[in-house]
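Biologist: Got a minute to walk me through this one? I'd like to get my bearings before going back to the bench.

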Amino acid sequence: MGGWHTQHLLNSDVFELAGIYDIKEERRALAQSRGIHAYATREELLADPRIELVTVATPNDSHEEIAVAALLAGKNVISEKPVTLSMDSLERMISVSKQCGRVFTVHQNRRFDVDYLAMKKIHDSGEIGEIINIESRIHGSRGIPSDWRGEKAHGGGMLYDWGIHLIDQALMVLGWDVKSVNCRCDHITNNEVDDGFQLDIVMQSGARAYVEVGTYNFIAMPRFYMRGKKGTAMITDWREEAQIVRCKHWHESEVVPVETAAGLTKTMAPRDSITVDTYTIPRPQSDVHDYYRNIAATLDGKATQLVTHDQMRTDLRVILCALRSAETGETVMF
Ligand SMILES: NC(=O)c1ccc[n+]([C@@H]2O[C@H](COP(=O)([O-])OP(=O)(O)OC[C@H]3O[C@@H](n4cnc5c(N)ncnc54)[C@H](O)[C@@H]3O)[C@@H](O)[C@H]2O)c1
């Protein structure tokens with residue numbers, strides 16, 4: 001991910017890349033071979049007065065130590081997700097950023113994914129009515145990556161890796177008022193950390209989010225499925241448009257039953273075009289570099305950071321509650 005940030009900052013219209021630092025000599029050499037300045041030590045980087053902003057893209061258990069060092073050196077800091085691994089650790093990071101008067105936030109870049117943006121637009125427009133629930137799934141079939149993501153000590157596991165994105169998106173759609181969390185974890189290819197999970201989040205409003213990550217799914221289920229009181233929205237794949245079926249008339253004069261091997265059903269028969277509208281909505285426009293543009297505007301005092309400290313707290317707390325729920329088999333009240 002450090003490579004991703006480097007590339008984005010090389011092409012940025014708001015920041016100029018001063019350089020990178022990696023503890024691995026070969027990563028620093030790779031940067032230099034591409035004409036990018038590599039600092040020899042972290043201290044050298046933090047001592048460079050030209051640097052306003054440091055992006056931390058290292059394994060999850062190291063974010064706190066690096067971010068705090070950067071804040072204490074007077075830098076503003078973006079931490080990669082998940083911001084850190086415990087609430088105490090997050091509070092320490094927030095408190096140092098406040099003491100130093102520096103911006104501190106987390107890189108929730110999947111707020112720019114167009115599949116999520118389409119669902120949020122449908123939710124916010126009210127076109128399918130009050131939302132009953134949203135289901136958000138990511139399915140792959142390659143297990144968990146065989147690096148530090150498979151190790152508990154480094155903050156591995158799919159809840160921390162993909163879960164944080166999907167939880168953040170679901171809360172951006174439904175609001176941040178979480179009531180309870182229930183979670184089951186998979187351990188199909190890895191006993192140490194979850195290699196997939198099924199998570200229920202109940203909101204104070206009564207709306208529900210179901211978030212699922214699978215790494216042993218050779219057939220993927222739809223990316224998003226959302227029910228409202230006036231219709232249903234679905235996105236089959238994150239490259240696809242959102243499909244909507246919206247109820248025009250609740251009552252039907254005649255229902256053609258579906259015939260199954262065991263008999264007829266009218267209750268479960270599909271509706272016809274007299275009572276529902278079926279349509280797709282165009283994919284929203286999105287530019288993920290707006291994340292960095294927002295940080296630049298925040299540093300200039302012209303905006304506030306997109307990912308707030310309270311949102312960072314709630315996202316992380318949901319993950320910690322999910323891990324506790326998976327361990328105890330019980331629902332955890334937020
Ligand atoms: N937002 C996203 O879409 C996204 C995608 C992938 C990864 N990430 C996040 O980015 C972070 C890094 O993930 P990755 O996939 O790039 O991991 P990686 O293992 O590919 O790269 C991590 C790099 O950090 C270096 N490193 C480790 N400890 C260091 C230290 N103390 N100081 C300096 N460098 C150090 C390693 O040498 C390595 O080059 C993680 O927090 C991960 O969750 C975010």
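**Domains, core, ligand and strands**

Modeller: Sure. The C-alpha centres of domain 1 and domain 2 lie 32 Å apart. Keep in mind that this is a predicted model.

Biologist: Where do the domains start and stop?

Modeller: Domain 1 covers 2-107, and domain 2 is made up of 113-289 + 315-333.

Biologist: And how many residues from each domain go into the contact?

Modeller: Domain 1 puts in eleven residues and domain 2 puts in twelve residues. On the domain 1 side, the residues touching domain 2 split into six nonpolar, three polar and two charged.

Biologist: OK, on to the inside. How many residues are in the largest nonpolar core?

Modeller: That core has 62 residues, and Met119, Ala170 and Ala322 have the most contacts inside it. Helix H7, residues 158-174, gives the most to this core, with twelve residues.

Biologist: Which domains does the core draw on?

Modeller: Domain 1 (2-107) and domain 2 (113-289 + 315-333) each supply at least three residues to this core.

Biologist: You mentioned Ala170. What does Ala170 touch?

Modeller: Leaving out residues up to four places away in sequence, Ala170 touches Ile134, Ser136, Ile201, Ala209 and Val211.

Biologist: Changing topic: the ligand. Which residues come nearest?

Modeller: There are 20 residues around the ligand, and Met1, Ile23, Lys24, Thr58 and Glu80 come nearest.

Biologist: How does that shell divide into nonpolar, polar and charged?

Modeller: The shell around the ligand has seven nonpolar, six polar and seven charged residues. Domain 1 (2-107) and domain 2 (113-289 + 315-333) each give at least three residues to the shell.

Biologist: Last thing, the strands. How many bridges join E8 to E9, and do they run parallel or antiparallel?

Modeller: Strand E8 (residues 224-228) and strand E9 (residues 231-235) run antiparallel and are joined by five bridges. The link between E8 and E9 is a hairpin of two residues. If you want a pair to click on, Phe224 has Ile235 in E9 as its bridge partner.

Biologist: And what about E9 and E10? How many bridges there?

Modeller: Four bridges join E9 to strand E10 (residues 242-247), and that pair runs antiparallel. E9 and E10 also form a hairpin, with six residues between them. Try Ala233 for that pair, which stands opposite Ile244 in E10.

Biologist: Great, I'll pull those up.

Notes
Residues are numbered from 1 along each chain as its sequence is written. This is a predicted model: local features need pLDDT of at least 70, side-chain atom pairs count only at pLDDT 80 or more; totals for chains, interfaces and linings use all residues. A nonpolar core is a set of buried Ala, Val, Leu, Ile, Met, Phe, Trp, Tyr and Cys residues joined through C-beta atoms within 7 Å. A residue is buried if 20 or more other C-beta atoms lie within 10 Å of its own, exposed if 12 or fewer, and partly exposed in between; C-beta atoms are placed from the backbone. Domain bounds come from an automatic or database domain assignment. Two residues are in contact if their C-beta atoms, placed from the backbone, lie within 7 Å. Ala, Val, Leu, Ile, Met, Phe, Trp, Tyr, Cys and Pro count as nonpolar, Asp, Glu, Lys and Arg as charged, and the others, Gly among them, as polar. A residue is near a molecule or strand if its C-beta atom, placed from the backbone, lies within 6 Å of it. Two strands pair if DSSP finds at least two bridges between them.
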